Amino acid sequence: MTGKEHSKRILSAVCRLLVVCCVMTCLPVGAQQYTGMSGLIHVPSAEMEPAGSVRVGMQALPKNMMPDGMVFEGEKYASTSWYLSATPLRWFEIGYDFTLMKFRKNMKKGAEVGYYSKDRYFSLRIQPLYEGRYWPAIVVGGNDVWGQRDGDSKSFYFRNFYLAATKHFQFSFGTLGAHLAYRYWTKDYNSKWKGVVGGITFRPSFYDRLRFVAEYDGAGVNVGVDCTLLRHIQLQAALVSGTSFTAGVAFTTVLAPRKKQK
């Protein structure tokens, strides 16, 4: 099976599961980003998961969500990202992610082509200001933040830093979330995503366990939907720049603090 066929099968399976989820009872979902951190689809937000939250999952990435520097024999390729993230404190989130990279087996000319390597990185988010009645929540964060200065390194494909703000507005028909961020990517080939980005989310009052997302990531407009199935299975599907589908699935839970014995 080729890498392209493999990605299509994953997307198809997750999309079918998402449809089932949307017609069944869902529970509130935390934001899910392709890095496994809180956010929208391809844009960060200032929302945070509850303290004690842990998430492990994967996301299928189409070509236009992959950095232009990640190419195989001169061409970009679709891939998948796999992650583990945690929110040990209300104001702090950390995650570990790896994205599969396409190579020839054992780096030998003419050998079988497959996903034989990984780009690994850590992500961090800190929320210095909680959302209030008259002001937004603020988050400072970044992806691929660990390591020495990248310079001309061929790593740090996903390295970016951002400042994000989020404010929610309650209406009789639902909850509207407004999200705005400034994001700085360190690699020139990711400059299309650099600068001011943002989006909106909406939860209808008649079914507030479902979340709709629309965002601008600097290169195009993405739209998507997510929900949670059976309390712990998070699903997200989205259309990127009107041309490509991305979908992901994750297992999430909240680790309750141990009660002190009397």
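Biologist: In the protein chain, what share of the contacts with a separation of 6 or more is accounted for by residues 24 or more positions apart?

Modeller: The model under discussion is predicted. Its protein chain comprises 1 helix and 15 strands. Among contacts with a separation of 6 or more, the share that falls to residues 24 or more positions apart is 52%.

Biologist: Where is E215 placed, and which residues does it contact beyond its neighbours within four places in sequence?

Modeller: E215 belongs to strand β12, which covers residues 211-216. The C-alpha atoms of E215 and V43 lie 7.2 Å apart, although 172 residues separate the two in sequence. With neighbours within four places set aside, the contacts of E215 are L40, I41, H42, V43, G198, G199, G220, V221 and N222.

Biologist: Is E215 buried or exposed?

Modeller: A residue counts as buried when its relative accessible area is under 20%. The relative accessible area of E215 is 2%, and therefore E215 is classed as buried.

Biologist: How are the rings of F171 and F173 arranged as an aromatic pair?

Modeller: A search of the whole structure yields 8 aromatic pairs. In the pair formed by F171 and F173, the centres are 5.1 Å apart and the planes differ by 5 degrees. Planes under 30 degrees apart meet the criterion for stacking, and so the pair of F171 and F173 is stacked.

Biologist: Are F171 and F173 buried, partly exposed or exposed?

Modeller: Partly exposed residues lie between the cut-offs of 20% and 50% relative accessible area. F171 has a relative accessibility of 40%, while that of F173 is 48%. Both values fall in that range, so F171 and F173 are each partly exposed.

Biologist: Which residues are linked into a cluster by ring pairs?

Modeller: The search for aromatic pairs covered the whole structure. Ring pairs join three residues into a cluster, namely Y34, Y121 and F158.

Biologist: What is the volume of the largest cavity?

Modeller: The structure contains 2 cavities of 30 Å³ or more. For the largest cavity, the volume is about 40 Å³.

Biologist: Which strands each supply at least two residues of the lining of the largest cavity, and how does that lining divide by residue class?

Modeller: The lining of the largest cavity consists of E49, S53, V54, R55, S85, A86, T87, E93 and T252. At least two of the lining residues come from each of the strands β2 (53-61) and β5 (79-89). By class, the lining divides into 2 nonpolar, 4 polar and 3 charged residues.

Definitions and conventions. Residues numbered from 1 in each chain as written. Predicted model: local features only at pLDDT ≥ 70, side-chain atom pairs only at ≥ 80, totals over all residues. Heavy atoms only, no water. Contact = heavy atoms within 4.5 Å. 1 Å grid on protein atoms, 1.4 Å probe; cavity = no way out; pocket = protein on both sides within 12 Å on 5 of 7 lines; lining within 4 Å. Points joined across faces, edges and corners; volume = space filled by probe spheres on them. Nonpolar A, V, L, I, M, F, W, Y, C, P; charged D, E, K, R; others polar. Phe/Tyr/Trp six-rings, centres within 6.5 Å; stacked < 30°, edge-to-face > 60°. Buried < 20%, exposed > 50% of the residue type's maximum accessible area, 1.4 Å probe, protein only.
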